[in-house]
Amino acid sequence: MHEPLCFVATRSPVLDSCCLIMSDILPLDVVGRRVEVNGEFATVRFCGDVPPVAGLWLGVEWDNPERGKHDGSHEGTMYFKCRHPTGGSFVRPNKVNFGVDFLTALKKRYVLEDGSDDDGKSYSLKVGSKQVQTVGFDNITKKQSQLRALQNISLWKCAVSHAGEQGRIAEACPNIRVVNLSKNLLSSWAEVVLIAEQLNNLEVLDLSENKLQFPSDSPTPTGTFSNLKILVLNKMGITWAEVLRCAPSWPVLEELYLKSNSISISERPVNVLQKMRLLDLSSNPAIDENQLCLIAYLPRLEHLLISDIGLSSIHFPDAGIGCKTSMFPSLQYLVVNDNQISEWSFINELDKLQSLQALSCTRNPLTEGDKSEEIIIAKIGQLKTLNRCQILPEERRGAELDYRKTFGNEWKKAGGHPDPDKNRPNAEFLLAHPRYELLCCKYGAPEDEELKTQQPFMLKNQLLTLKIKCSNQAEQKVLEKQLPDSMTIQKVKGLLSRLLKVPVSELLLSYESPKMPGREIELENDLQSLQFYSVENGDCLLVRW
């Protein structure tokens, strides 16, 4: 707990133009404290005289180095050190906000005060992946105005710096379960413990954007966080070693958010984080595939978020072609957006994950191509959701058949053959296309007729101009499209599904021709082309659902 305030009088010129000359109030343990000055956050690194100017000064290191003026030195003397050459300033204590205790901030935000103009609206707050409803700033209902009834609170940017008098939080608001303490003035993990030990029902805690000092060794678990399930520690500068030192105090933790901390995973979690289901390591560019191996045996990890870490490759060395890895045994949902993934070998490796069902892989070099999603679906057999869209059975079937056809000639050149006794594709092909043999077993080996390539210069002559009419939707306008006669019915359905916003599985196709008035021909085989059904220029496709 912080020391009581002491009073220090100063009457002298200033080194920072924003400071005023008046009496100051300083905590005794001022160095290391988090402070706010005119809306900017900083850490106190020095307290004392700065000759030749008389009086007491605080040397602060700003969170935003552009706010500072120097590196902690003045007229050749180094008073404190900064990580950035312009990260430091000297300010007078009277201009520094050292914050308030937890209960003072809570009462100010949640208890109606005379003269308040707030409208009493409730606010929706996102803590980690959970959306919770917080009570309005003021003018709340009679029951909610009582601190004892509060369960979900947000003290975001309320200058909370310490717990206050011991026992007062537990007495005033014993039912709190969800707490957002992000962007406050908390200086140490010990101060967080003093607050949390008075909240016996605490399940969700957000401490993002607090620059905390963590213990140098593992604190003895006291039961303080015995019910904590969700912990958000984004943008704090915390290290992986500090996470593991504190982790024994979180015995039932299920979700941990560590976004934007410059973390490097330095060691494997041992006897900690064993119940964790979700881990967010996004925007930590120092993490690489070797470090990910250190968290690969967390037994219950289902959701892993590793967007924007610069990842380009991943490898599970314990599993060969067509085999499943023992790593990440429970992983169902993987997010790798905004990385540097450019090789299909990355996707091949993901098929080795035994429980993977959902993948988000947007904004990577690999996914810039038109058919990238189809290839991903074909390469990862158990995938049910891609980029937050459900993969329908018809979509999977179409993607796998298209993949089988696209790489059929390459398979034959590598030694592939429809006759099982002669089928010996080389290791290089199997490494690049580990599911190809399985697809041949599923759908049959590609026939020579399927693999004949169309001549590019003939494409213009093969385009058909077709009318598209929605037979059971009178209000729908008749469309006109140019389609290649080699286009399969499956592809036509996919196109119409996007145009009409109707699932592929619900579409039924047929066509009419001016050459055969009064006759309607069903397009019932998804694998056949328009040419197979003798569709010609000027014909009309009929769509029903």
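Visitor: I'd like to learn to read a sheet. How many bridges join strand 26 (residues 508-512) to strand 27, and in which sense do the two run?

Guide: There are 3 bridges, and strands 26 and 27 run antiparallel. Two strands pair if DSSP finds at least two bridges between them. The strands themselves are DSSP runs of E with at least two residues, and helices are runs of H or I with at least four, numbered from the N terminus. In this pairing, Glu 512 stands opposite Glu 520 of strand 27. Before we go on, this is a predicted model, in which local features need pLDDT of at least 70, side-chain atom pairs count only at pLDDT 80 or more, and totals for chains, interfaces and linings use all residues. Residues are numbered from 1 along each chain as its sequence is written, and side-chain values use heavy atoms, with hydrogens and water left out.

Visitor: In what order do the strands of this sheet lie?

Guide: Read across, the order is 25-24-28-26-27, an open sheet of 5 strands with mixed pairing. Strand 25 and strand 27 (520-522) are the edges, each pairing on one side only. From one strand to the next, the twist averages 35 degrees. Angles like this run from 0 to 180 degrees between N-to-C directions, using axes fitted to C-alpha atoms (for helices, over the stretch in contact).

Visitor: Which strands does strand 24 pair with?

Guide: On one hand, strand 24 pairs with strand 25 (residues 479-484) in the antiparallel sense over 6 bridges. Here Ile 468 has Leu 479 as its bridge partner. On the other hand, strand 24 runs parallel to strand 28 (residues 540-544), joined by 4 bridges. There, Lys 469 is partnered by Leu 542.

Visitor: And which side chains of strand 24 are buried?

Guide: Look for alternation along residues 463-470. Leu 464, Leu 466, Ile 468 and Cys 470 point to one face and are buried. Leu 463, Thr 465, Lys 467 and Lys 469 point to the other face and are not buried. Buried means under 20% relative accessible area, exposed means over 50%, and partly exposed is in between (1.4 Å probe, protein chains only).

Visitor: Which strands does helix 14 lie across?

Guide: Helix 14 (residues 489-500) lies across strands 24, 25, 26 and 28, and runs at about 105 degrees to strand 26.

Visitor: Let's turn to aromatic rings. How many aromatic pairs does the whole structure have?

Guide: A search finds 13. Rings of Phe, Tyr and Trp (its six-membered ring) pair if their centres lie within 6.5 Å; planes under 30 degrees apart are stacked, over 60 edge-to-face, and the rest tilted. Take Tyr 403 and Phe 407: their ring centres are 4.7 Å apart and their planes at 50 degrees, so the pair is tilted. Both Tyr 403 and Phe 407 are buried. Tyr 403 also pairs with Tyr 436, with centres 6.4 Å apart and planes at 50 degrees, so this pair is tilted too. Tyr 403 sits in helix 9 (residues 393-406) and Tyr 436 in helix 12 (residues 436-443), so the pair ties together parts 33 residues apart in sequence. One aromatic cluster is formed by Tyr 403, Phe 407, Trp 411, Phe 429 and Tyr 436.

Visitor: Which charged residues sit over a ring?

Guide: Check for NZ of Lys or CZ of Arg within 6 Å of the ring centre and within 35 degrees of the ring normal. The charged end of Arg 67 sits over the ring of Trp 62, 4.2 Å from its centre. Arg 92 lies over the face of Trp 57, at 3.6 Å from the ring centre.

Visitor: Now a loop residue. Is Ser 283 buried or exposed?

Guide: Ser 283 is buried, at 18% relative accessible area. This residue is in the loop between strand 18 (278-280) and helix 6 (289-292). Beyond neighbours within four places in sequence, its contacts (heavy atoms within 4.5 Å) include Lys 259, Asn 261 and Asp 308. The side chains of Ser 283 and Asp 308 are joined by a polar contact of 3.0 Å. Such a contact is a pair of N or O atoms within 3.5 Å; within protein, one must be able to donate a hydrogen and the other to accept it, and residues adjacent in sequence count only if both atoms are side-chain atoms.

Visitor: What about the backbone: where is a cis peptide bond?

Guide: Between Pro 51 and Pro 52, with omega about 10 degrees. Pro 52 lies in the loop between strand 4 (40-50) and strand 5 (53-62).

Visitor: And which residues other than glycine have a positive phi?

Guide: Asn 387 is one of them, with phi about 50 degrees; its place is the loop between strand 22 (385-386) and strand 23 (389-390). At 16% relative accessibility, Asn 387 counts as buried. Ser 534 has phi near 60 degrees and is found in the loop between strand 27 and strand 28. With 47% relative accessibility, Ser 534 counts as partly exposed.
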